[in-house]
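Here is a walk through one protein model, written for someone who would rather look at residues than read a validation table. Keep the viewer open as you go.

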Amino acid sequence: MPSKKALVRRPSPRLAEGVVTRPARAALDVARAVEQWEAYGEALRAHGWQTLEVEPADHCPDAAFVEDTVVVFRNVALIARPGTASRRPETAGVEEAVARLGASVNWVWEPGTLDGGDVLKVGDTLYVGRGGRTNAAGVRQLRATFEPLGARVVAVPVKRVHHLKSAVTALPDGTVIGYEPLVDTPGLFPGFLPVPEESGAQVLLLGGDRLLMAASAPRSADLLADLGWEPVLVDLGEFEKREGRVTCLSVRLRELYD
């Protein structure tokens, strides 16, 4: 059976020092962030996911945003080379974790940069944001790694946000959802559904009709519920102060076989 494993990483005590593209709106409460991270993990486990903790990286303020460190397709892991140089030490622990799980490990090499948050998987299509954090060499290396495995890689211009998945994610039926003011080219997606809140643009697929979503997007949750989906809401307020989203805090491994 396909796996339902999720890599997570405990927030660093230095979380408040993390990289942001916009000024922080309020002081960050690290203790509260840890509570929210723990509740996030509980929500995953309640819906059948096994959470696996990557070795903490307390010296890296953004280490909890583990999604940015790796892209996994089938049983192959591509270790990212983050566009922000200060985040590159985050990848070592994740590389060890995916190798222990039996993934075939590849790497993005200089001059390429690639953040996992720039890669949106919809079936066998990988949309990759080409913008602030991921460069053209990173896109080429993503293609070279995954197209031989049957992936279709589509580059998407990203100018309004720092990661593609800060603007769009996808529903289980493949419909791409997004907060339209932040989406540069919605026409690149075969199906696009606008949502009314910025934090409502991110859903994490729990299985079946269930979607993990931020509690800060109640109107978006109502919209998706009206369409027949089942939102599961979690409070991520402290991480949202650092531009974190519901997808950022885990790497979901669906295609590693036990």
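## Starting from one serine

Leaving out residues up to four places away in sequence, S220 touches V195, P196, E197, G200 and M213, where contact means heavy atoms within 4.5 Å. Before going further, a word on what you are looking at: this is a predicted model, in which local features need pLDDT of at least 70, side-chain atom pairs count only at pLDDT 80 or more, and totals for chains, interfaces and linings use all residues. Residues are numbered from 1 along each chain as its sequence is written, and side-chain values use heavy atoms, with hydrogens and water left out.

Is S220 buried or exposed? S220 has a relative accessible area of 0%, so it counts as buried; buried means under 20% relative accessible area, exposed over 50% and partly exposed in between (1.4 Å probe, protein chains only). S220 sits in helix α4. Helices (H or I, at least four residues) and strands (E, at least two) are DSSP runs, numbered from the N terminus.

## Two helices with a buried side

Helix α4 covers residues 218-226, and its buried residues are S220, A221 and L224. Seen down the axis of α4, these fall within an arc of 100 degrees, so they line one face of the helix; the arc is that of the directions from the helix axis to the C-beta atoms. An α-helix has 3.6 residues a turn, so residues three or four places apart point the same way. R219 and D226, on the other side of α4, are exposed. The cover over the buried residues of α4 includes β10 (176-178), β11 (192-194), β13 (210-214) and β14 (230-234). After α4 comes G228, with a positive phi near 105 degrees.

Now for helix α2 (residues 91-100), where T91, G93, V94, A97 and V98 are buried. Those residues cover an arc of only 160 degrees around the axis, which puts them on the same side of α2. They pack against β1 (5-8), β3, β4 (76-79) and β5 (104-107). Following α2 is G102, whose phi is positive, near 95 degrees.

## A sheet with a helix across it

Strands β6, β7 and β8 form an open sheet in that order, with mixed pairing. Two strands pair if DSSP finds at least two bridges between them. Why is one side of β6 (119-122) and of β8 (152-157) left without a neighbour in the sheet? Both stand at the edges, each with a single partner strand, so one side of each has no neighbour there. On average, neighbouring strands of this sheet are turned by 25 degrees against each other, direction ignored.

Helix α3 (residues 136-146) lies across β6, β7 and β8 and runs at about 165 degrees to β7. Axes here are lines fitted to C-alpha atoms, for helices over the stretch in contact, and angles run from 0 to 180 degrees between N-to-C directions. T145 is part of α3 and counts as buried at 18% relative accessibility. Leaving aside neighbours within four places in sequence, T145 is in contact with V76, L78 and N106. T145 and L78 are 67 residues apart in sequence and 7.5 Å apart in space, C-alpha to C-alpha.

R133 lies in the loop between β7 and α3 and is buried, with a relative accessible area of 9%.

Here are two antiparallel pairs side by side.

| Strand pair | Bridges | One bridge pair |
|---|---|---|
| β6 and β7 (125-130) | four | V119 and V128 |
| β12 and β13 | three | L204 and L212 |

The hairpin of β12 and β13 has two residues between the strands, and G208 takes a positive phi near 60 degrees in that hairpin.

## The empty space

The largest pocket holds about 710 Å³ of space. It is lined by 35 residues, of which K121, K165, L205, R252 and R254 lie nearest its centre. At least two lining residues come from each of β3 (70-73), β6, β9 (168-170), β12 (204-207) and β15 (251-253).

There are also three cavities of 30 Å³ or more, and the largest takes up about 110 Å³. Of the 13 residues lining the largest cavity, V19, F65, R87, H162 and R242 are closest to its centre.

On a 1 Å grid over the protein atoms alone, a cavity is a set of points where a 1.4 Å probe fits but cannot get out, while a pocket is an open set with protein on both sides within 12 Å along at least five of seven lines; lining residues have an atom within 4 Å of a point. Grid points are joined across faces, edges and corners, and a volume is the space filled by probe spheres set on the points.
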